[in-house]
Amino acid sequence: QVQLVESGGGLVQAGGSLRLSCAASGRTLSNYVLGWFRQAPGKEREFVAGIDRTGRSTYYADSVKGRFTISRDNAKNTMYLQMNSLKPEDTAVYYCASKSALVVSHDPLRYVYWGQGTQVTVSS
């Protein structure tokens, strides 16, 4: 079993930056594909970014491409999401998730382990 804990959320003005972290315990993260998802009030949980086991392949939702960067440090059992040029529409609870597979998926149902989420609020 993998336990995931997100941190780094907060309140930021539009155009600002935040860096989210997802720390894992229980298992070695290098065996898992990882993803960031977000959920705004009244909306479904949506894919933000994903990264393969090695960190060499990354994937992004069109809405964040060019602004967000996903990365991982398997030695530290930690994943990151650097968020730049934040917009009010990025406001949501951000979750990290993992699954023991080879392929990144945009479908949250494919992911087995989830963190508790961290709130990101972008003011205009």
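Contact here means heavy atoms within 4.5 Å. I start there since the residue I keep returning to is Asp90, and its list of contacts rests on that cut-off. The model is predicted.

Asp90 sits in the loop between β8 and β9. Setting aside neighbours within four places in sequence, Asp90 is in contact with Arg38, Arg67, Phe68, Ser85, Val120 and Val122. How buried or exposed is Asp90? Its relative accessible area is 1%, so Asp90 is buried, the limit for that class being under 20%.

Two of those contacts are also salt-bridge partners, and I take them in turn. With Arg38, the closest N and O atoms of the bridge are 2.9 Å apart. This pair links distant parts of the chain: Arg38 belongs to strand β4, residues 33–39, Asp90 to the loop between β8 (78–83) and β9, and the two positions lie 52 residues apart in sequence terms. Both Asp90 and Arg38 are buried.

Next, Arg67. Its salt bridge with Asp90 has the closest N and O atoms 2.7 Å apart. Arg67 is in the loop between β6 (58–60) and β7 (68–73), and Asp90 is in the loop between β8 and β9, so this bridge ties together parts 23 residues apart in sequence. Arg67 counts as buried, because its relative accessibility is 11%. Salt bridges with shared partners join Arg38, Glu46, Arg67 and Asp90 into one network.

How many salt bridges does a search of the whole structure find? The count is four. One of them is the pair of Asp62 and Lys65, whose side chains meet at 3.1 Å, N to O. For accessibility, set this pair beside the first one: Asp62 and Lys65 are both exposed, whereas Asp90 and Arg38 are both buried.

Now the disulfide. The count comes to one. The partners are Cys22 and Cys96, with sulfur atoms 2.1 Å apart, which falls within the 2.5 Å cut-off. The angle about the S-S bond is 65 degrees, and the link is right-handed. Which parts of the chain does the pair tie together? Cys22 is in strand β3, residues 18–25, and Cys96 is in strand β9, residues 92–99, so the joined parts are 74 residues apart in sequence. Cys22 has a relative accessible area of 2% and is therefore buried. Cys96 is buried too, with a value of 0%.

Last, the backbone. Which residues other than glycine have positive phi? I will mention Asn77, with phi near 55 degrees, and Ser85, with phi near 50 degrees. Asn77 is found in the loop between β7 and β8. Its relative accessible area is 16%, so Asn77 is buried. Ser85 is in the loop between β8 and β9, and it counts as partly exposed because its relative accessibility is 41%. Ser85 also brings us back to the start, being one of the residues in contact with Asp90.

To recap: Asp90 is buried at 1% and bridges to Arg38 and to Arg67. Cys22 and Cys96 form the disulfide. Asn77 and Ser85 have positive phi.

How values were computed. Residues numbered from 1 in each chain as written. Predicted model: local features only at pLDDT ≥ 70, side-chain atom pairs only at ≥ 80, totals over all residues. Heavy atoms only, no water. Helix = DSSP H or I, 4+ residues; strand = E, 2+ residues; numbered from the N terminus. Buried < 20%, exposed > 50% of the residue type's maximum accessible area, 1.4 Å probe, protein only.
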